[in-house]
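I opened the structure today to look up a few points about its surface and its strands. My notes follow in the order I took them.

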Amino acid sequence: MKKSSNYFLAFIISGLLFSCGDETKESSIEVPEIEFKKEGELYLLKMQDTIKKVDIEIADTNYERQTGLMYRKAMEEDQGMLFIYPNEAPRSFYMKNTYIALDIIFYDKDSTAVSFQENAKPLDETSLPSGKPAQFILELNAGKVKEWNIELGDKIDFKSL
C-alpha cells in the first residue's frame, strides 16, 4: 500500500511540474478589440438649441456601469457612453483600465449639467466625483466640453434605439 501511494504522489508532483510550463517565457493574453455599439442618440442642448448629436452606448446595468469604457483603444469624435442610474445621488468615477482620455459630464435627474471632470487621464485611479447629485453621466473624448462649449445648466435629451 505504501509503495502505490508513493507512485501516486510522484505522479501528482510530476504532473504539477510539467503543467506549469516554462515560466521564463513571457506570455500575453490577446484581448479582442471592443467595438462601439450604437444603442441610442443623445442631443446636447443649450436652451432649446441642439449643440451636438452624439451616438451613444448606454450603461444601465451594474456590470455596464462598472466597466464603462474600460479596455477601449479609441472612440470616434461623435460617440460617447451614457451612464443611467435609477436615482440621483453623488457619483464618482475613475479611469482604471481606461485607455482613452475623457471628459465626464454629470447631469441631475432633470438632465441638467451640474459638474464636469475634464481631461480625465487614462489609467488614473484617482476618484473623479460629481460634486453634486447626478443621475446621468456622459463620457466623451477629452476636450469636447471646451470644443462644444458645454456649460453648467446645459441639458441633454436622449433616446434608445
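I looked first for a nonpolar patch on the surface and found one formed by Ile34, Tyr71, Tyr99 and Leu123. Together these residues have about 360 Å² of accessible area. The model is predicted, and I read the entries below with that in mind.

I then checked Tyr99 by itself. Tyr99 sits in the loop that runs between strand E4 (92-93) and strand E5 (102-107). Its relative accessibility is 37%, and because buried means under 20% and exposed over 50%, I noted Tyr99 as partly exposed.

Next I traced the sheet. I counted seven strands in an open sheet, ordered E6-E5-E8-E3-E2-E1-E9, with mixed pairing. The edges are strand E6 (113-120) and strand E9 (155-160), each of which pairs on one side only. On average, neighbouring strands of this sheet are turned by 30° against each other, direction ignored.

From the E6 edge I went inward. E6 and E5 are antiparallel and share five bridges. Leu102 is placed opposite Ala120 of E6.

Is strand E8 (residues 134-141) enclosed or open to the outside? I found eight of its eight residues buried, so strand E8 is largely enclosed by the rest of the structure.

I also recorded the pairing of E8. Six bridges connect E8 with E5, and the two run antiparallel. Phe106 has Ile137 in E8 as its bridge partner. With strand E3 (residues 79-89), E8 shares five bridges, again antiparallel. Here I noted Phe136 in E8 as the bridge partner of Ile84.

Terms used: Residues numbered from 1 in each chain as written. Predicted model: local features only at pLDDT ≥ 70, side-chain atom pairs only at ≥ 80, totals over all residues. Heavy atoms only, no water. Patch = residues over 30% accessible without salt bridge, like charges linked within 9 Å, V, L, I, M, F, W, Y side chains within 5 Å. Areas by Shrake-Rupley, 256 points an atom, 1.4 Å probe, with all protein chains shown as cover. Salt bridge = Lys/Arg side-chain N within 4 Å of Asp/Glu carboxyl O. Helix = DSSP H or I, 4+ residues; strand = E, 2+ residues; numbered from the N terminus. Buried < 20%, exposed > 50% of the residue type's maximum accessible area, 1.4 Å probe, protein only. Pairing = 2+ DSSP bridges. Axes fitted to C-alpha atoms, helices over the stretch in contact; angles between N-to-C directions.
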